[in-house]
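The report that follows is meant to be read beside the sequence and the coordinates. It turns to the aromatic side chains, then to the ligand, and ends with some details of the backbone.

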Amino acid sequence: MAQEVFDQVQLVLREIEGSQPRTEDELEQFRIRFLGSKNIIKPLFGEIKNISNDRKKEFGQLINSAKVAAENKYLEINEKLEEASLGRSVEAIDLTKPGFPIQRGSRHPVSIVMNEMIEIFSRIGFTVAEDREIEDDWHNFTAMNTPEDHPARDMQDTFYLKNSVTRLLRTHTSSVQARTMTAQKPPIRIIAPGRVYRNETISARSHCQFHQIEGLYIDKEVSFADMKQTLLYFAREMYGVETDIRLRPSYFPFTEPSAEMDVYLGLADERSKKLTKGTGWLEVLGCGMVDPQVLENCGIDSEVYTGYAFGIGIERSAMQRYNISDIRSIFENDIRFLRQFVSA
Ligand code: DAH
């Protein structure tokens, strides 16, 4: 009796070893027969109780080896069939077909000009300082020598935040001057590029948002001549090696003396004539020696340190360079407009 059961298991084992499922259906038949819930090995386990004690272990091992053999064979054949079907699907792909075209993106004209300016100043040791667009009254105005009720606040029509008397959208990147000077000790040599906001009526020439780059240099014995030379270098890198500049006296609350810088484009072509209103000179930035009061407001000893600052409007340069006549197209995100700068 015992030997008979042993023989039965041997038969099952041989059957497992001998079977060679070639398709997924055949493999499924194999699984049902040897591993399914009604598989033919299961009842043999029930025979253990009829085996004499001295052979129980041997029987157990034999029947277990049948089960393991079925599992291994199943896994092995399954893997082979999967590989084969993968191979067939790879063959089905036509590798000679052209790919799907990917549209090339492009830089925005404002970014192109901004990056170029950053590069020019980086070459002479200015580092980039970035800060928040939602500013407080103090950093945007008061620290920059424009206290409340000062008529100079009218120069920049401001968006104040609802529910806050002190929060506003910065009207110029000069606020980063105050942020930097209150956080760092001189020498300070930074440029601060970024977006600014003013409550302007939107038209072809003005917008409620635009971009500036602020420059600030504070150290011992910084002079007006240093500023002029730095700005001449900037103008020649940006507009050409022969470019001339002129500084016209001006007024800003945070600089004394203050100036506006023009670059000479000439009157050779109609475009330059129009752009410069017949003068040949194009205004590009405001600048000046940092007012000692601004240094003191920010905790820097004005007896020891001096400095200069400047603020450049980016849109104007971008519009001049790319012949853009309406500032609104810069902010409309019309893909037909933006695509024109792909190779730039
Ligand atoms: N903040 C000024 C503006 O928005 C520009 C400016 C002028 C910045 C003179 C400066 C400066 O740093 O020295 O109109």
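A residue is called buried here when its relative accessible area is under 20%, and exposed when that area is over 50%. The model is a predicted one, and the values below should be read with that in mind.

**Aromatic side chains**

Y308 has a relative accessible area of 1%, and because the limit for a buried residue is 20%, Y308 counts as buried. F310 is likewise buried, with a relative accessible area of 2%, and Y217, at 17% relative accessibility, also falls in the buried class.

Ring centres within 6.5 Å of each other make an aromatic pair, with planes under 30 degrees apart counted as stacked and planes over 60 degrees apart as edge-to-face. By this rule the structure has 13 aromatic pairs. In one of them, Y217 and Y308 meet edge-to-face, with 5.5 Å from centre to centre and 80° between the planes. Since Y217 belongs to strand β5 and Y308 to strand β9, this pair ties together parts that are 91 residues apart in sequence. Y308 also pairs with F310: the ring centres are 6.4 Å apart and the planes lie at 25°, so this pair is stacked. Ring pairs join Y217, Y308 and F310 with F121, F126 and F234 into a cluster.

A further ring, that of F6, has the charged end of R55 sitting over it, 4.1 Å from the ring centre.

**The ligand and its surroundings**

Which residues are closest to the ligand? They are H172, S174, R198, Q212 and E214, within a surrounding set of 16 residues. The shell around the ligand is made up of five nonpolar, nine polar and two charged residues. Strands β5 (209-219), β8 (281-290) and β9 (306-313) each supply at least two residues of this shell. The strands that hold Y217 and Y308, namely β5 and β9, are thus also among those that contribute to the ligand shell.

The table sets out three contacts between the ligand and polar atoms of the protein.

| Ligand atom | Protein partner | Distance |
|---|---|---|
| nitrogen | N or O atom in the side chain of S174 | 2.9 Å |
| oxygen | N or O atom in the side chain of Q212 | 2.9 Å |
| oxygen | polar backbone atom of F310 | 3.3 Å |

Taken alone, the ligand exposes 350 Å², of which the protein buries 91%. F310 therefore appears in two settings, offering a polar backbone atom to the ligand while its ring is stacked with that of Y308.

**Details of the backbone**

Two peptide bonds that lead into proline are cis. The bond from P186 to P187 has omega near 0°, and P187 is found in the loop between α7 (175-183) and β4 (188-197). The bond from E256 to P257 has omega near -5°, and P257 lies within strand β7, which covers residues 255-264.

Positive phi values occur at two asparagines. Phi of N145 is near 65°, although N145 is not a glycine, and this residue is placed in the loop between α6 (137-142) and β3 (167-169). N163 has a positive phi of about 65° and is likewise not a glycine; its place is in the loop between α6 and β3. Is N163 buried or exposed? With a relative accessible area of 83%, N163 is exposed.

Note on methods. Residues numbered from 1 in each chain as written. Predicted model: local features only at pLDDT ≥ 70, side-chain atom pairs only at ≥ 80, totals over all residues. Heavy atoms only, no water. Near = heavy atom within 4 Å. Polar contact = N/O pair within 3.5 Å; in protein donor to acceptor, adjacent residues only side chain to side chain. Areas by Shrake-Rupley, 256 points an atom, 1.4 Å probe, with all protein chains shown as cover. Helix = DSSP H or I, 4+ residues; strand = E, 2+ residues; numbered from the N terminus. Nonpolar A, V, L, I, M, F, W, Y, C, P; charged D, E, K, R; others polar. Phe/Tyr/Trp six-rings, centres within 6.5 Å; stacked < 30°, edge-to-face > 60°. Buried < 20%, exposed > 50% of the residue type's maximum accessible area, 1.4 Å probe, protein only. Lys NZ or Arg CZ within 6 Å of the ring centre and 35° of its normal.
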